[in-house]
Every structure is written in structure tokens, then in C-alpha cells.
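The following exercises are to be worked through with the structure in view. Each task is followed by a solution in steps.

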Amino acid sequence: MIIYKAKDYKDMSRRAAGIVAAQIMLKPDCVLGLATGSSPVGLYQNLVEQYKNGDLDFSKVTSVNLDEYKGIGPDHDQSYRKFMNTNLFDHVNIEPSRTFVPNGLEEDSALACDAYEQVIQNTGGIDLQLLGIGNNGHIGFNEPGDAFKCGTHCVKLTQSTIEANKRFFASEADVPRYAYTMGIRGIMQAGKILLIASGRAKAQALKDALYGPVTPSVPASILQLHKDVVVVADEEALELIEG
Ligand code: F6R
């Protein structure tokens with residue numbers, strides 16, 4: 001595992017974008033596993049700039065997103081499909097039919113999850129998986145629990161996640177209670193993992209994930225068992241980790 005300490009969010013975003021850009025340059029038809037949330041917004045802005053400068057070509061890239069809220073559609077302001085379109089896909093030359101996000105409008109969870117698992121497996125494997133980390137140590141929406149869940153599954157969001165995400169909704173009551181998420185297998189099968197974290201609120205989760213015991217109560221701790229993880233985190237997120 002390599003840990004890069006960035007000065008702040010901007011520096012984290014720039015450095016992490018460099019790693020994603022390198023992946024696309026080295027393998028133009030790569031499969032990117034993508035994340036939403038506050039953490040990758042700056043990274044995506046950097047990628048868009050590099051595309052606009054003529055330095056990056058997304059035309060052969062395939063993307064699979066980690067997760068989507070259950071019960072909201074692609075046009076909902078807070079859907080992760082909308083987030084991806086707004087923050088990245090609408091601004092680069094990625095082929096829309098090769099961008100995948102779980103179908104939040106599928107009410108039958110088993111159907112939604114099986115279909116998405118198939119999508120992930122059909123890509124032939126994720127080359128680079130981008131991850132943020134929840135304040136409770138979640139990755140994707142793999143919430144703390146008694147066991148790691150392998151495949152794509154429907155998850156009941158924890159109160160901590162609902163609290164953390166309510167800032168994006170009109171009120172806490174509007175935050176969906178369920179989500180579809182890629183499981184630990186999809187994440188761990190990726191050739192390379194890029195974990196980004198910014199801010200003090202992530203410091204404990206990051207310390208537990210990187211240096212605590214590997215346990216499903218801190219889902220990100222499983223990353224200790226992956227052979228190629230790069231962490232780009234800012235000083236505040238790393239403040240509980242020495243060196
Ligand atoms: C989002 C996702 C989540 C977030 C995590 C951190 O697709 O999978 O695991 O990465 O909740 O969210 P932010 O970046 O908003 O702090």
C-alpha cells in the first residue's frame with residue numbers, strides 16, 4: 001500500500017486525478033470503477049480539464065459506478081447517475097452506453113443486483129477502482145456489519161450514513177433508506193484501488209481502515225488484503241496516522 005499525503009482537498013484531487021489519467025493513458029480501453037460524493041468532485045474537475053486541454057481521451061473507456069440509491073431515478077437531482085453525468089460524463093467524450101450505474105428504479109432488489117453483478121463481470125474486470133470512505137469506514141455502500149458481503153446487494157443505510165448524506169437533500173426524511181452497491185468482491189477484484197479522503201471527519205475511519213484489524217465492522221479494512229492500493233489523503237484525514 002502506498003500512502004500519499006496531500007496538503008489539502010485541492011492537492012488531493014490533483015494528485016489522484018494524475019493516477020486516473022495515467023491509467024487511461026496506459027490503457028485507453030480501461031475499465032474504471034467510479035465513486036460519487038464530495039471526495040471525487042475535484043478529481044473529476046481535474047480530469048475534465050485534462051480532457052479539454054486535449055491530454056485525455058475517454059472514447060474507449062468503460063465505467064462502472066459503485067452504487068445508487070434505491071427508489072430514485074436518473075433524473076433525480078441526488079441520484080448518482082445524475083451526479084456522474086453532471087460532474088464527469090457530460091463533459092468528456094466517454095461513450096454513454098459504456099457508463100454503468102445500478103438501476104435505482106428497479107424495485108425488485110434481487111433483479112437489480114443480479115443485473116448489475118452481471119454488468120460488472122461482463123466488463124472483464126475493473127482496472128482501477130476509485131473509492132471514497134464513509135465516516136463509519138464504509139466503501140461503496142458496504143456498511144459496517146457482521147460479515148463482508150461479496151456480490152452486488154441492496155443495503156439498508158446506517159443512521160451515520162443518512163446523517164452524513166442529508167446535506168445533499170432537502171431534509172433527512174428525504175434521504176433514501178436503501179441503496180444498491182457493488183460488493184466487496186467487485187471492489188477487491190479490481191487490478192488497482194485508489195482511495196481518496198479529505199478532512200478531519202475521515203481521520204478515525206482512515207486510521208482504522210489502514211492500520212486496524214481487518215473486520216467487517218470497518219469495511220474499508222479489507223483493502224489491507226489487496227495487493228495494489230494507493231491512498232491519496234490530505235493532512236487532516238491523515239492526522240491520526242503518524243509519519
Ligand atoms: C459514493 C460512495 C461512498 C462515498 C463515501 C464518502 O459512491 O460509494 O462510499 O465514497 O460515503 O462520501 P464523501 O466523499 O461524500 O465524503
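**Exercise 1. Determine how helices H2 and H3 are oriented relative to each other.**

Solution. H2 and H3 are oblique to each other. The steps below apply to a predicted model.

Step 1. Two packed helices are described by the angle between their axes and the distance between the axes.

Step 2. The axes of helix H2 (residues 41-52) and helix H3 (residues 80-87) come within 10 Å and cross at roughly 40 degrees.

Step 3. Angles under 35 degrees count as roughly parallel, and those from 65 to 115 as roughly perpendicular. The pair H2 and H3 is therefore oblique.

Step 4. On the side of H2, the contact is made by Val41, Tyr44 and Val48; on the side of H3, it is made by Phe83, Met84 and Asn87.

**Exercise 2. State whether Asn165 is buried or exposed, and identify what it touches.**

Solution.

Step 1. Locate the residue: Asn165 belongs to helix H5 (residues 159-165).

Step 2. Buried means under 20% relative accessible area. Asn165 has a relative accessibility of 10%, so it counts as buried.

Step 3. Not counting residues up to four places away in sequence, Asn165 touches Tyr69, Tyr80, Phe141 and Val175.

Step 4. With Tyr69 there is a polar contact between the two side chains, at 3.0 Å.

**Exercise 3. Describe the order of strands in the open sheet and the packing of helix H1 on the sheet.**

Solution.

Step 1. The sheet has seven strands in the order S1-S10-S9-S6-S2-S3-S5, with parallel pairing.

Step 2. Strand S1 (2-6) and strand S5 (99-100) are the edge strands, since each pairs on one side only.

Step 3. Within the sheet, strand S2 (residues 31-34) and strand S3 (residues 62-65) run parallel and are joined by four bridges. Leu34 has Asn65 as its bridge partner in S3.

Step 4. H1 packs on the sheet and touches S1, S2, S6, S9 and S10. The direction of H1 makes about 165 degrees with that of S9.

**Exercise 4. Find which side chains of strand S7 are buried, and name the strand that pairs with S7.**

Solution.

Step 1. Side chains alternate along S7 (residues 153-156). His153 and Val155 point to one face and are buried, while Cys154 and Lys156 point to the other face and are not buried.

Step 2. S7 pairs with strand S8 (residues 178-181) in the antiparallel sense, over four bridges. The bridge partner of His153 in S8 is Thr181.

Methods:
Residues are numbered from 1 along each chain as its sequence is written. This is a predicted model: local features need pLDDT of at least 70, side-chain atom pairs count only at pLDDT 80 or more; totals for chains, interfaces and linings use all residues. Side-chain values use heavy atoms; hydrogens and water are left out. Buried means under 20% relative accessible area, exposed over 50%, partly exposed in between (1.4 Å probe, protein chains only). Helices (H or I, at least four residues) and strands (E, at least two) are DSSP runs, numbered from the N terminus. Two strands pair if DSSP finds at least two bridges between them. A polar contact is a pair of N or O atoms within 3.5 Å; within protein, one must be able to donate a hydrogen and the other to accept it, and residues adjacent in sequence count only if both atoms are side-chain atoms. Contact means heavy atoms within 4.5 Å. Axes are lines fitted to C-alpha atoms, for helices over the stretch in contact, and angles run from 0 to 180 degrees between N-to-C directions. Angles under 35 degrees count as roughly parallel, over 145 as roughly antiparallel, 65 to 115 as roughly perpendicular and the rest as oblique.
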